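Biologist: Could you take a close look at a single part of this model, beginning from one residue and working outward to whatever surrounds it? I would like one connected account rather than a list.

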Amino acid sequence: MDKLEGCPGSRMMDFNKTDKENTEPAVGKINSQLTQWPIQMHLINPSAPYYQGADVLLTADCVAYALGDFHRDYLKDKSIAIACPKLDQGQDVYLEKIKAWIDEAKINTLTVLIMQVPCCGGLLNLAQQAADGAKRKVPIKYVVVGVQGEILQEEWAAA
Amino acid sequence: MEAYLDKGIKEIIEEFPGVEDVLSDYDIGCGPCNVGICLLKDIVAIHRLSDEQESQLMARIARAIDPDQDIRIPHAEKKTGTKPKDFTYSPPMKKLVDEHVLIKRWIALIPEVVKNLDVESEEGRRLILDGIDMIRSYADKYHHAKEEDILFKYFDEEADILKVMHEDHTRARALVKEMLAALEKRDKQTIVENLTAYRELLSEHIRKEDEILYPWMDNQLSTHQVGELFAKFDTVDRQIDVSPRKYEAFIDQLEKKIKKQEG
């Protein structure tokens, strides 16, 4: 990597737009699958009714911009919270909120969507740390998204 | 030739025995299966072969069916989401796979147990009863019940692959029943035969589940269903009157005893 390119999380890249335009299927209006507000991790209340027994997405901020089919393939039928493990302050609060999802809201599953850049791994670590500290166990899935929206990895973490 | 895709694999193997060897080369062990009602198309689809492997397999099956003709068997339709990769089980499936470990440890001890089987002494009969209890309580009530009462309900129970699993469970229960009757009569030979048959049956059954059935099921289950299964299995574990620790202790002791006898 060129020295000037710096951190992979903030390295400048220009994707080939022409190729994407050629592969884009013709579709009509795409409806939002978002069923709640707020969504930012500092603003959400983990005890909100839409988290009770839910399948929850914990998504890195950039994911929804990179992943073309985010609403249809991942957000549909799920509750959500978003966060940036690199830039957000006070992430100890996040840890407690994830624990509250598991123990108090009794969520059904937790899916953590992160970008491929190294700093994003912090969000998965945070989720696993919270799950380890929780009294209940829930299945945790993690999905790693490439910067051009490709799914690089989709696995269940050990419960 | 499309008709072969809709034929039961046992029927195909009986007519063209070479097909069994071809399947074995791809770790598809239909030969020893005692039911064999799965259709060729389902077997190919369920084993998550790469497109290249599947094409090779189909070409070899075609040659095994008729070496003289250029037979083409159509591509089997893959179940959605199946792809060749290093598989990671979902947490509820992992739980079932982990439960297999203790059953496999018991199965591994059966040849030695059979060698020294004693139906006359109290101690000998106790060992047989404890082994049967391990099969009935841990393998059947604790483990198979999770499959039959919970997991299989998420799928079409009329599917051939599930019928095969049910048949294996039924056969295992029949073997146990016969063993208990034989123990009453001090019929050592029948117990030896049935324990050996149980070992063969469960070894193949577990292999089919770990390598084929569970990965296939995991590919079909939604994230929501995985969470549901995980919670339901957890409820069973908390409510059932079977203690896995008791059976772990039984296997630990038996392994030590056999090791001592061998040493």
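Modeller: I will begin with A:Ala81, which has its place in strand S2 of chain A, a strand that covers residues 79-83. The model is a predicted one, and what follows should be read with that in mind. A:Ala81 counts as buried because 22 C-beta neighbours lie inside 10 Å of it, where the cut-off for a buried residue is 20 or more. Leaving aside neighbours within four places in sequence, the residues in contact with A:Ala81 are A:Ile39, A:Met41, A:Ile44 and A:Leu58. A:Val143, by comparison, stands 62 residues from A:Ala81 in sequence, and the C-alpha atoms of the two are 15 Å apart in space.

From the residue we can move to the sheet. In chain A, five strands form an open sheet with mixed pairing, and their order is S2-S1-S3-S4-S5. The strand that holds A:Ala81, S2, is an edge strand, as is strand S5 (151-156) of chain A, and each of these pairs on one side only. From one strand to the next, the twist averages 15°. Elsewhere in the sheet, strand S3 (residues 109-115) and strand S4 (residues 140-145) of chain A run parallel and are joined by six bridges; as for individual positions, A:Thr111 stands opposite A:Lys141 in S4(A).

Chain B also reaches this sheet, through helix H10 (residues 223-239) of chain B, which packs on the sheet and touches strand S1 (55-60), S3 and S4 of chain A, with a direction that makes about 135° with that of S3(A). The contact between the chains takes 11 residues from chain A and nine residues from chain B. On the side of chain B that touches chain A, H10(B) gives the largest share, six residues. Sorted by class, that side of chain B has five polar, three nonpolar and one charged residues.

The interior around the sheet can be described through the largest nonpolar core, which has 41 residues, and in which A:Ile107, A:Leu110, A:Val112, A:Leu113, A:Ile114, A:Leu123 and A:Ala127 touch the most other members. At least two residues of this core are supplied by each of S1, helix H2 (63-66), helix H3 (70-75), S2, helix H4 (91-103), S3, helix H5 (121-133) and S4 of chain A, and the largest share, six residues, comes from H5(A). A:Leu110, taken as one of these members, touches A:Val56, A:Leu58, A:Trp101, A:Ala127, A:Val138 and A:Ile140 when residues up to four places away in sequence are not counted. A:Leu58 is thus a contact of A:Leu110 and also a contact of A:Ala81. Apart from this core lies another, of 22 residues, with B:Trp106, B:Tyr138, B:Tyr142 and B:Val176 among them.

Those last residues lead to chain B as a whole, which has 11 helices and zero strands. The domain assignment of chain B gives domain 1 (2-65) and domain 2 (91-262), and the centres of these two domains, taken over C-alpha atoms, are separated by 28 Å. Of the 263 residues in chain B, 27% are buried. Among the contacts in chain B with a separation of 6 or more, residues 24 or more positions apart account for 79%.

How values were computed
Residues numbered from 1 in each chain as written. Chains lettered and ligands numbered in written order. Predicted model: local features only at pLDDT ≥ 70, side-chain atom pairs only at ≥ 80, totals over all residues. Domains from an automatic or database assignment. Helix = DSSP H or I, 4+ residues; strand = E, 2+ residues; numbered from the N terminus. Buried ≥ 20, exposed ≤ 12 C-beta atoms within 10 Å, placed from the backbone. Contact = placed C-beta atoms within 7 Å. Pairing = 2+ DSSP bridges. Axes fitted to C-alpha atoms, helices over the stretch in contact; angles between N-to-C directions. Nonpolar A, V, L, I, M, F, W, Y, C, P; charged D, E, K, R; others polar. Core = buried A, V, L, I, M, F, W, Y, C linked by C-beta atoms within 7 Å.
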